[in-house]
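Open the structure in a viewer and keep a selection tool ready. The stops below can be taken in order.

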Amino acid sequence: MPDTSKVTLPTGEAEIAKALPDVLAWTARFFDASGAVEAGQGGLGATGAGPWVAAAYPRAGSPALATPDAGGRLTYTQLLEDRWAHTLRYYFQPYGRYDLLWQSLRRSPTLFPGRAAAEAGVPAVEVDPAAGGLDVVIGRTQAVDAPLVLGSRRLDEPATPARPPAPGAIWEVIVAQHHEQTLAEHNQTLVRQLAFRQIAFSLLRRFGYTGWYHWVRDFAEEHERELPVRLVEGEYPGVPDRLPDRPDHLVLDGTADQDELRGLDLPERVGDFSQGVLALQWRALPFYYEHRLLVIAQTDGTVSPVNSVTQRDLTYRSPVPSATVSGADIVWHRLPPFPAETPGPQLQADTRVRTITIPLRPLWDSLPDDAQARWPGEKPDPANGAATARKLGALPDPEVVYQIVELFSGNIEVQAECFFDPVAGRFAHRQLGKRFLVARTTLSPPAGALGDFPLAVDLVQVSEEQLGSGYSTAGLPPDTRNRAAIDDHGRLLFAGVMTRADRDALVGLVNAPDAAKIRELFESWYVTEPVSAPAGNLPSRLAAVIDFLPAPALALVWEGPSDAAAADLRRLPGDSAFTGAVAKIIEQAAGAGPDAVTRVEIPAGPEQIPAELQGKAEPARNAAGTQYTTLGWNGAMSDADAAALRRWAAFPEFADAVEKLIVAVRDAAAGGAPASPVTVPFTVAVRPVQAGLSGVLAGKLLLGAALMRYHGMMRADDPAALAPSYPGRPDRLALKRLHRASQGSGMRGRSLVVRARRGSAAPSGPRPIVPSDL
């Protein structure tokens, strides 16, 4: 390296003394801008408290000459070769040509030998800073580069092979440190020249499901419904009544919010070569909006081009669904695991299935609690409120998958999933299990402007039974052959509820042991509920699924609290078993809720004559029909008759009369008496009947003397079809209970629930599928 390119430092005292004034003048600016210097310990100087700033230092320019123009104005043009900011100060000193002449004479060594040498270094132009000058500020014209976005992400928990990461609550955008900011931090002189004013940003949002929005609007129009939607504007949380007890802070212990801890763990996401970044974080933004971040760099007078980043993946959860169920009749078309052959084109809509109705959950329900608390203005208005248009958050969530799940023996199995298919533009299903098959899914429009969108799922239950051998179903009637399948190993599959015609056809096909299994399968679909009396004329479609059984007991069913009607209940006549049951109802229903049901069963009374004793036993009443007077018997009495009498007489007064009757009949038979009715005294008050109740008892107390038996799942319109036969309120409530109980018929200890899942969020908890509200 040549000597001319080396930095040479003075080492001698004379050389140092020569350079010292320039060095001291250059370093003086640091002392001028620093704190006060005071004498410290040991006589050494100590600097006072800061902060201290040294932003720039003056640079002197060459004097410029300017001559006034005709108007007496001085014009000076200075060329600035860069486009950075500058602050200039101009000093003016007027002088004439004679001043220069006399100045030259004073410096002449000929005229003034000694004085000229002394004034040789005196400048011709002297500047007095205290006299002031003209300050000119020239702004920066150099364009500033746009900021660089290094990354945009949702801060999720670490993923594991067994579980995908749950969506985190924080959206983070990392912006690289601007290179001009780096220069300004390392060279204070450039702060004013760059005039850099940091990074500015703004956040915009728009609805993120525009295609879904138009699909829903078109769907409503196709069904001649209106779906008004309004935007949420200018709705903010209210001002708190008081300040919090302590400022918002983080407690870094085991109870700390994991999302906040991930937000603080910035070094894990920023490498060694990306130090000084700007990290922007937002928590719990509504996921159904598409958020766009706009970032610019700015100076005093210029702005960079806009850099933007759009984020769609924000925090969400799986909403909690609800569902109702009722029976329905459909035309069943075979689905796997049934063989694909078609029995014939003339199939009837007589396959009884469960129709599960799932209201689609709105977007708002998929927001976590934290997001709902931060954005209360997005909460949907109640369907029965005064609002006439729904908010965007009240639209159905198109990304929720609804699962129909079977529970059995502590196990859980997803039978089917229902979801919106954006490619097909309709709701579809995915069959997973083989015990409950989805025949079809049907979406309906909401009942009102703010109502839910109900999704009806026709679910076909597949019953399975292992028979002794295989059978050919070719000779079965078409509808039965359509619902049944028997393989070569005797495995019977049956779709839907087995009708009487199906039972008779299958029983005629198989041998006796297998016929018993089919009858057992048919009987498993029955459910019973006590009613006041058998219906006289059933509608034709109900006659095939409803029959009546003699009740082995009398069921007393009371709805609501008994406090106000206790006196009326105590006045009811009857035997000791009946009055004892009334006393239990008064006690158990005291203080009960308005919809609470209290049920007490007592043995059948004298008015409920068993089938095996019909025409033999004759309890007689008085003329008013309010009291039994005698208990009679016609014909001979066998030991089986005596046993049936004893089973019938279940309260003390009745049992005593029966024993006396048995003795009297046998004595008469031993004496050879003629076959005439044998009677014994029997004095007991007659139990009331449903038609004889009045007042509050007629609307709340059911005297269930008969058992209505229903085969399969009751349809939602069946109770209305039975209403003419059961006009009383207690019987109609019994029909509702029968509808509720029938939805679980044929399940054999299994149950169905509904749950939802969305994206990578954990599935919601299972919710029971409740019978439809009639």
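Is R687 buried or exposed? R687 is buried, since its relative accessible area is 4% and the cut-off for buried is under 20%. The model is a predicted one, and the tour starts from this arginine.

**Stop 1: R687 and E607**

Select E607 next to R687. The two form a salt bridge, with the closest N and O atoms 3.9 Å apart. This pair links distant parts of the chain, 80 residues apart. E607 sits in the loop between β24 (597-603) and β25 (617-621), and R687 in the loop between β27 (678-685) and α17 (696-700). Unlike the buried R687, E607 is partly exposed, at a relative accessible area of 28%.

Now select D329, R352, R541, R715, D717 and D718. Salt bridges with shared partners join these residues into one network.

**Stop 2: R737 and E529**

Select R737 and E529. Their side chains meet in a salt bridge, at 3.0 Å from N to O. Here too the pair links distant parts of the chain: R737 belongs to helix α19 (residues 729-742) and E529 to strand β22 (residues 526-531), 208 residues apart. E529 is buried, with a relative accessible area of 5%.

**Stop 3: R242 and D245**

How far apart, N to O, are the side chains of R242 and D245 in their salt bridge? The distance is 3.1 Å. Colour the pair by accessibility. R242 counts as exposed at 60% relative accessibility, and D245 is exposed as well, with a relative accessible area of 71%; the cut-off for exposed is over 50%. For the count over the whole structure, a search finds 47 salt bridges.

**Stop 4: G301 and A143**

Move to G301, in the loop between β10 (289-299) and β11 (307-311). G301 is exposed, its relative accessible area being 64%. Add A143 to the selection and draw a C-alpha to C-alpha distance: G301 and A143 are 9.5 Å apart in space, while 158 residues separate them in sequence.

**Stop 5: a nonpolar patch**

Which residues make the nonpolar surface patch of about 640 Å²? Select Y98, L101, W102, L105, L111 and F112, and show them as a surface. One of these, L111, is found in the loop between α2 (97-106) and α3 (113-118). The tour ends at this patch.

How values were computed: Residues are numbered from 1 along each chain as its sequence is written. This is a predicted model: local features need pLDDT of at least 70, side-chain atom pairs count only at pLDDT 80 or more; totals for chains, interfaces and linings use all residues. Side-chain values use heavy atoms; hydrogens and water are left out. Patches are made of residues with over 30% relative accessible area and no salt bridge: like charges are joined within 9 Å, nonpolar side chains (Val, Leu, Ile, Met, Phe, Trp, Tyr) within 5 Å. Accessible areas come from the Shrake-Rupley method with a 1.4 Å probe; for residues, only the protein chains shown count as cover. A salt bridge is a side-chain nitrogen of Lys or Arg within 4 Å of a carboxyl oxygen of Asp or Glu. Helices (H or I, at least four residues) and strands (E, at least two) are DSSP runs, numbered from the N terminus. Buried means under 20% relative accessible area, exposed over 50%, partly exposed in between (1.4 Å probe, protein chains only).
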